[in-house]
Amino acid sequence: MRAVENALGITIPDNARIIRNLITGIQYVQDHVIHFYHLHALDWVDIVSALSADPAKTSSLTQSISDWPKSSTDYFKSVRDKLKSFVDNGQLGPFANGYWGHPAYKLPPEANLMAVAHYLEALDWQRDVIKIQALLGAKNPHAQTYIVGGMSIPVDPDSQNALNAGSIAFISGLAKKAQEFVDQVYIPDVLAVAPFYLDWAGHGAGVGNYMSYGEFPEDNVSNTEKMWLPSGIILNKDLSKVHKVDQSKVTEYVTHSWYEYSDGDGKAKHPYDGETNYKYSGPKPPYKFLDTDKKYTWLKAPRYDNKAMEVGPLSRMLVAYASGHKRVQEAVNHVLKTLGNLPATVLFSTLGRIAARAIETQITAEMIPVWLGQLTANMKKGDLKIHSGEKWDPSEWPAEAKGYGFHEAPRGALGHWINIKNKKIANYQIVVPGTWNGSPRDAKDQRGPYESALIGTPVANIEQPLEILRTIHSFDPCMACAVHVVDPDGNEVIRIKVK
């Protein structure tokens with residue numbers, strides 16, 4: 001939407017901006033909690049160890065770090081018994097393929113049992129809180145109520161078919177539930193687990209360049225600079241200076257990608273001029289064995305001013321922290337102090353990504369009631385407008401136009417570029433977070449964030465590369481963007497059966 005609105009010069013109304021902020025905000029909160037517990041926690045939590053935990057000691061541990069009501073001895077005994085029944089019946093589900101007993105696991109059994117309990121609780125929690133997204137956006141994660149110039153969901157306190165006082169109150173209750181879980185479970189769990197893995201503040205740094213497009217606009221102009229989370233770039237881990245983002249400096253290489261540019265693969269193209277030409281038409285990927293000196297991935301290599309950039313929660317929190325965002329600074333400093341008065345430079349790491357995602361979840365959960373309050377205030381004063389009314393008919397569009405739209409998805413910087421000619425889309429290019437972070441090497445042989453972050457990672461057992469998973473999972477990789485697993489000896493790693 002922002003790309004087209006930018007191309008056409010459309011300014012959306014207040015209510016549309018607020019609703020968009022609410023949709024993005026609850027997506028951050030739900031998505032980050034899911035990532036921590038269901039996609040990443042088992043890289044640090046040993047399920048088998050939890051079976052030997054003392055429920056009474058687990059109860060004492062939990063009550064020492066939080067006021068969360070589900071913390072009794074009987075409760076944790078029931079969780080341990082449930083886990084044991086999974087094991088005894090062979091119904092391990094998501095716990096089936098872990099590297100249980102791996103020497104890199106460091107948590108005591110009681111901490112493992114606490115984490116397993118919260119893993120299960122988070123399954124129910126996320127199913128409830130995402131109802132906010134369903135009410136406002138109709139679908140998660142790709143909301144269906146966005147339209148050029150605003151939103152399609154009506155706002156009317158007197159209509160049962162619109163956002164009204166009743167639906168706002170319902171959303172408010174869900175927002176409270178979201179915030180309580182984040183404050184009383186997620187944040188305490190991160191602070192309880194991190195001390196056992198402080199060595200991971202020294203691994204997984206990556207490229208050292210961090211970019212955020214900024215998110216949660218505070219005025220209604222497309223690509224506004226007035227954002228609750230600011231835009232900016234940090235270079236070479238230097239927190240003393242935040243550089244301004246210039247969309248004209250975004251380019252993509254295909255030197256090591258399974259695409260080709262019409263004028264050669266050695267140069268980069270800006271998305272306005274971008275091409276996505278896949279030259280291989282066979283039924284299988286174009287390789288017998290991946291040769292990383294040639295083309296080896298479905299991803300292009302995005303660069304900003306010819307530099308690889310990390311994007312995501314860590315980048316957003318670093319840019320906000322360095323920009324003087326008071327709430328971010330307060331939350332980051334609290335975490336650093338709690339973990340032993342650590343310097344902010346420890347955030348440049350695998351552990352830093354985990355901490356930054358938790359911090360972002362907490363402060364975003366705090367903002368959802370604020371945005372709800374803004375929407376309620378507008379409704380009370382009779383402002384029910386949800387669409388600009390501008391250029392609704394394509395016949396009003398200019399014959400030619402270009403526009404770009406920046407958005408910070410949960411995983412990071414997302415950019416759309418549109419080129420309109422003869423009132424039709426002539427070219428449309430998207431540069432997504434997974435492409436920034438999973439980028440292959442470019443024509444200058446510069447590695448992307450994933451590849452850079454893995455350099456120097458200690459691996460205790462090459463057949464069970466748990467440590468590799470820890471760093472890659474800390475980025476929250478997008479499975480839909482690209483997946484490639486390489487065994488340097490040419491051995492089959494895994495076989496997927498497709499019916």
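The radius of gyration here is taken over C-alpha atoms, and the globule rule behind the comparison is 2.2 Å times the number of residues to the power 0.38. Keep that in mind for the first view of this predicted model.

**View 1. The whole chain, sized up against the globule rule.** For 499 residues, a compact globule would come out with a radius of gyration near 23 Å, and the chain has 24 Å, so the two agree. Put a box around the C-alpha atoms along the principal axes and you get roughly 70 × 60 × 55 Å. Inside it, the secondary structure adds up to 14 helices and 11 strands.

**View 2. What's inside and how it is wired.** Of the 499 residues, 52% are buried. Take the contacts between residues at least 6 apart in sequence: 75% of them join residues at least 24 apart.

**View 3. The surface and its charges.** The chain shows about 22,300 Å² of accessible surface, with 52% of that belonging to carbon and sulfur atoms. As for charge, there are 52 positive and 54 negative side chains, and the centres of the two sets sit 3 Å apart.

**View 4. A close-up of Glu180 on helix α8.** Helix α8 spans residues 165–193 and carries Glu180. Glu180 has 33% relative accessibility, which falls between the 20% and 50% cut-offs, so Glu180 counts as partly exposed. Leaving out residues up to four places away in sequence, Glu180 touches Trp68 and Val185.

**View 5. Glu180 and Asp74 in one frame.** These two are 106 residues apart in sequence. In space, Glu180 and Asp74 are 22 Å apart, C-alpha to C-alpha.

Note on methods: Residues numbered from 1 in each chain as written. Predicted model: local features only at pLDDT ≥ 70, side-chain atom pairs only at ≥ 80, totals over all residues. Heavy atoms only, no water. Helix = DSSP H or I, 4+ residues; strand = E, 2+ residues; numbered from the N terminus. Buried < 20%, exposed > 50% of the residue type's maximum accessible area, 1.4 Å probe, protein only. Contact = heavy atoms within 4.5 Å. Areas by Shrake-Rupley, 256 points an atom, 1.4 Å probe, with all protein chains shown as cover. Lys, Arg positive; Asp, Glu negative; His and termini not counted. Charge placed at Lys NZ, Arg CZ, Asp CG, Glu CD.
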